[in-house]
Amino acid sequence: MYLDIGNDIILNWEDILIILTKETAMKDHRISSLIKEGKIANSNTVHKIHSYIVVQRKEKEELYISSFTTQTLIKRFVI
(Lines give C-alpha, C1' and ligand atoms only; values in the text may rest on other atoms or scores of the structure.)
Protein backbone atom coordinates (compact mmCIF):
# COMPACT_ATOMS: atom_id res chain seq x y z
CA MET A 1 0.00 0.00 0.00
CA TYR A 2 1.34 3.39 -1.00
CA LEU A 3 0.65 7.10 -0.68
CA ASP A 4 1.13 9.43 -3.63
CA ILE A 5 2.12 12.82 -2.13
CA GLY A 6 2.49 14.53 -5.50
CA ASN A 7 5.44 15.54 -7.69
CA ASP A 8 6.14 11.90 -8.60
CA ILE A 9 6.83 10.90 -4.99
CA ILE A 10 5.19 7.75 -3.69
CA LEU A 11 5.77 6.61 -0.11
CA ASN A 12 5.23 3.18 1.37
CA TRP A 13 2.22 3.46 3.70
CA GLU A 14 3.90 1.24 6.31
CA ASP A 15 6.83 3.68 6.58
CA ILE A 16 4.63 6.70 7.34
CA LEU A 17 4.59 7.68 11.01
CA ILE A 18 2.32 10.71 10.82
CA ILE A 19 0.77 13.21 8.43
CA LEU A 20 0.49 16.73 9.85
CA THR A 21 -1.10 19.96 8.72
CA LYS A 22 1.27 22.88 8.30
CA GLU A 23 -0.08 24.51 11.45
CA THR A 24 0.23 21.37 13.58
CA ALA A 25 3.76 20.67 12.33
CA MET A 26 4.94 24.12 13.41
CA LYS A 27 3.61 23.51 16.95
CA ASP A 28 5.72 20.35 17.35
CA HIS A 29 9.22 21.29 18.53
CA ARG A 30 10.99 18.36 16.86
CA ILE A 31 9.26 18.80 13.50
CA SER A 32 9.65 22.60 13.49
CA SER A 33 13.39 22.15 14.22
CA LEU A 34 13.74 19.86 11.21
CA ILE A 35 11.90 22.40 9.07
CA LYS A 36 14.08 25.30 10.25
CA GLU A 37 17.24 23.25 9.65
CA GLY A 38 16.08 22.52 6.10
CA LYS A 39 16.02 18.75 6.59
CA ILE A 40 13.18 18.11 4.18
CA ALA A 41 13.71 15.22 1.77
CA ASN A 42 11.84 16.83 -1.13
CA SER A 43 12.28 20.53 -0.38
CA ASN A 44 12.70 21.62 -4.00
CA THR A 45 9.53 19.99 -5.34
CA VAL A 46 6.72 21.91 -3.62
CA HIS A 47 5.88 25.60 -3.92
CA LYS A 48 2.91 25.82 -1.54
CA ILE A 49 3.12 23.61 1.54
CA HIS A 50 -0.10 22.25 3.03
CA SER A 51 1.13 19.20 4.92
CA TYR A 52 4.17 17.41 6.32
CA ILE A 53 4.72 13.66 6.28
CA VAL A 54 7.13 11.96 8.69
CA VAL A 55 8.53 8.68 7.38
CA GLN A 56 10.70 6.12 9.18
CA ARG A 57 12.91 3.85 7.12
CA LYS A 58 15.07 1.50 9.15
CA GLU A 59 16.60 3.74 11.84
CA LYS A 60 16.26 7.02 9.94
CA GLU A 61 13.37 9.48 10.01
CA GLU A 62 12.70 11.63 6.95
CA LEU A 63 10.42 14.62 6.55
CA TYR A 64 8.49 15.21 3.33
CA ILE A 65 6.27 18.10 2.30
CA SER A 66 3.19 18.06 0.12
CA SER A 67 1.08 20.69 -1.59
CA PHE A 68 -1.97 18.54 -0.83
CA THR A 69 -4.01 18.93 2.34
CA THR A 70 -4.05 16.07 4.85
CA GLN A 71 -7.61 15.18 3.78
CA THR A 72 -6.57 14.96 0.12
CA LEU A 73 -3.55 12.83 0.98
CA ILE A 74 -5.76 10.28 2.71
CA LYS A 75 -7.92 10.13 -0.44
CA ARG A 76 -4.78 9.54 -2.56
CA PHE A 77 -3.96 6.32 -0.70
CA VAL A 78 -3.24 3.66 -3.33
CA ILE A 79 -3.42 -0.10 -2.81
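Buried, here, means under 20% relative accessible area, exposed means over 50%, and partly exposed is whatever falls in between. Keep that handy for the exercises below, and keep in mind that this is a predicted model.

**Exercise 1. Is Thr 70 buried or exposed, and which residues does Thr 70 contact beyond its neighbours within four places in sequence?**

Start with the location: Thr 70 sits in helix α3. Next, check the accessibility. Thr 70 comes out at 16% relative accessibility, so it counts as buried. Now look around it. With neighbours within four places in sequence set aside, Thr 70 touches Ile 19, Leu 20, Thr 21 and Ser 51. Finally, look along the chain: the Thr 70 side chain has a polar contact, at 3.5 Å, with the side chain of Gln 71.

**Exercise 2. Work out which parts of the chain the salt bridge between Arg 76 and Asp 4 ties together.**

First, the general idea: side chains of opposite charge can pair when their charged atoms come close. Then the distance: in the salt bridge between Arg 76 and Asp 4, the closest N and O atoms are 2.9 Å apart. Now place both partners. Arg 76 is in the loop between α3 (70–75) and β6 (77–78), while Asp 4 belongs to strand β1 (residues 2–6), so the bridge joins parts 72 residues apart in sequence. Last, accessibility: Arg 76 is partly exposed at 26%, and Asp 4 is partly exposed too, at 23%.

**Exercise 3. Find the elements that hold Arg 30 and Glu 61, and say how many residues apart the two are.**

Begin with the pair itself: Arg 30 and Glu 61 form a salt bridge with an N to O distance of 2.4 Å. Arg 30 lies in helix α2 (residues 29–36) and Glu 61 in strand β5 (residues 60–66), which puts these linked, distant parts of the chain 31 residues apart. For accessibility, Arg 30 has 44% and is partly exposed; Glu 61 has 35% and is partly exposed as well.

**Exercise 4. Which residues make up the salt-bridge network that includes Arg 57?**

Take one bridge to begin with: Glu 62 pairs with Arg 57, and their closest N and O atoms are 2.4 Å apart. Then widen the view: Asp 15, Arg 57 and Glu 62 are linked in a network of salt bridges. Now apply the cut-offs. Glu 62, at 19% relative accessibility, counts as buried, whereas Arg 57, at 30%, is partly exposed.

**Exercise 5. How many salt bridges does the structure hold?**

The total is five. Among them are Arg 76 with Asp 4, Arg 30 with Glu 61 and Glu 62 with Arg 57.

Technical notes: Residues numbered from 1 in each chain as written. Predicted model: local features only at pLDDT ≥ 70, side-chain atom pairs only at ≥ 80, totals over all residues. Heavy atoms only, no water. Salt bridge = Lys/Arg side-chain N within 4 Å of Asp/Glu carboxyl O. Helix = DSSP H or I, 4+ residues; strand = E, 2+ residues; numbered from the N terminus. Buried < 20%, exposed > 50% of the residue type's maximum accessible area, 1.4 Å probe, protein only. Polar contact = N/O pair within 3.5 Å; in protein donor to acceptor, adjacent residues only side chain to side chain. Contact = heavy atoms within 4.5 Å.
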